[in-house]
Amino acid sequence: MYKKQQYVFRDGCPVLVTIRTYTEEDFAGLIEVQRESFPPPFPPDLLWNEQQLRNHITLYPQGAICVEIDSEIVGSMTGMLTNFDPAHPEHTWEEVTGEGSIRTHDPDGDSLYVVDIGIKPKFRKLKLGRLLMEAMYERVVVDGLERLIGGGRMPGYHLYAKELTAEEYSEKVLGGDLRDPVIGFLLSCGRMPVSVVPDYLDDGESHNYALLMEWQNPFHKK
């Protein structure tokens with residue numbers, strides 16, 4: 001079981017938060033996090049259900065974490081292990097994650113793959129997503145993995161899709177000419193771009209594209 005506590009600040013006042021492994025008792029709270037974090041037009045069939053959550057805590061409990069404040073689950077993050085070939089980054093979220101069930105989890109995988117991360121909107125100013133990401137980095141280091149990796153949605157892309165390719169859009173975001181809430185968040189967490197991946201996820205705002213982004217373990221022995 002993973003558990004740590006620390007303070008964040010809300011309007012200048014310290015707030016105690018707990019980051020920990022989630023369990024079956026948390027399922028209702030985790031499903032509510034999904035519902036609030038990913039409202040329409042995000043496809044509702046991609047939100048977690050109890051069977052998927054049960055797989056998460058059974059197949060790879062080390063990658064099933066949540067953050068809570070005053071006993072309320074306000075965010076969660078799920079990961080699994082896989083083998084990643086940087087020379088062939090093309091894939092879909094459904095292929096790698098087994099449609100979110102993580103039945104494709106490989107205990108001998110060299111990379112921690114981010115299946116999902118979500119924070120309830122009213123808590124997003126507390127930078128809780130960064131705390132969850134840092135907890136996963138700790139897992140990567142402790143287990144001697146090569147990297148953390150996953151696709152980042154590009155929800156701002158639909159505003160520019162008629163004039164820019166997905167690659168051009170990502171370059172402008174990385175260059176500071178445009179802002180994207182998801183890619184910007186991942187960059188602020190230390191994630192580095194790998195490549196744009198087409199047909200990654202059924203996501204109208206991103207036109208089904210994602211920017212594959214990684215965090216390489218600085219302690220890993222090549």
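These are my notebook entries on a few strands, helices and residues that I looked up in this predicted model.

**Entry 1: strand β4**

I started with strand β4, which covers residues 72-82. How many of its residues are buried? I found that 10 of the 11 residues of β4 are buried, so the strand is largely enclosed by the rest of the structure.

Next I looked up its partners. Strand β3, residues 64-69, pairs with β4 in the antiparallel sense over 6 bridges. I noted one facing pair: I65 is opposite M77 of β4. The hairpin of β3 and β4 has 2 residues between the strands. There I saw that D70 takes a positive phi near 50°.

Strand β5, residues 111-119, also runs antiparallel to β4, and 8 bridges join the two. I checked one of these: T82 has S111 in β5 as its bridge partner.

**Entry 2: T78**

I then picked one residue of β4, namely T78. Is T78 buried or exposed? Its relative accessible area is 1%. Buried means under 20%, so T78 counts as buried.

What does T78 touch, beyond its neighbours within four places in sequence? I listed Y22, W48, H56, G63, Y113, V114, V115, D116 and M136.

**Entry 3: the largest nonpolar core**

I turned to the largest nonpolar core and read off 67 residues. Which residues have the most contacts inside it? They are V17, I19, V67, I69, L112, L128 and L148. Helix α4, residues 128-142, gives the most to this core, with 8 residues. I added a general remark: in soluble globular proteins, nonpolar side chains tend to be buried together.

I followed I19 further. Setting aside residues up to four places away in sequence, I19 touches Y2, K3, K4, Q6, C66, V67, L131, L132 and A135.

**Entry 4: V141**

I stayed with helix α4 and looked up V141, which lies in it. V141 has 31% relative accessibility, so it counts as partly exposed. Outside the residues up to four places away in sequence, V141 touches W215, N217 and F219.

I also checked a distance. V141 and L126 are 15 residues apart along the chain, and their C-alpha atoms are separated by 25 Å.

**Entry 5: the ends of helix α6**

Last, I looked at helix α6, residues 181-188. Which residue caps its N-terminal end? I found D180 there, with a side-chain oxygen 3.1 Å from the backbone nitrogen of V182. Just after α6 comes G190, which takes a positive phi of about 95°.

Note on methods: Residues are numbered from 1 along each chain as its sequence is written. This is a predicted model: local features need pLDDT of at least 70, side-chain atom pairs count only at pLDDT 80 or more; totals for chains, interfaces and linings use all residues. Side-chain values use heavy atoms; hydrogens and water are left out. Helices (H or I, at least four residues) and strands (E, at least two) are DSSP runs, numbered from the N terminus. Buried means under 20% relative accessible area, exposed over 50%, partly exposed in between (1.4 Å probe, protein chains only). Contact means heavy atoms within 4.5 Å. A nonpolar core is a set of buried Ala, Val, Leu, Ile, Met, Phe, Trp, Tyr and Cys residues joined through side-chain atoms within 4.5 Å. A polar contact is a pair of N or O atoms within 3.5 Å; within protein, one must be able to donate a hydrogen and the other to accept it, and residues adjacent in sequence count only if both atoms are side-chain atoms. Two strands pair if DSSP finds at least two bridges between them.
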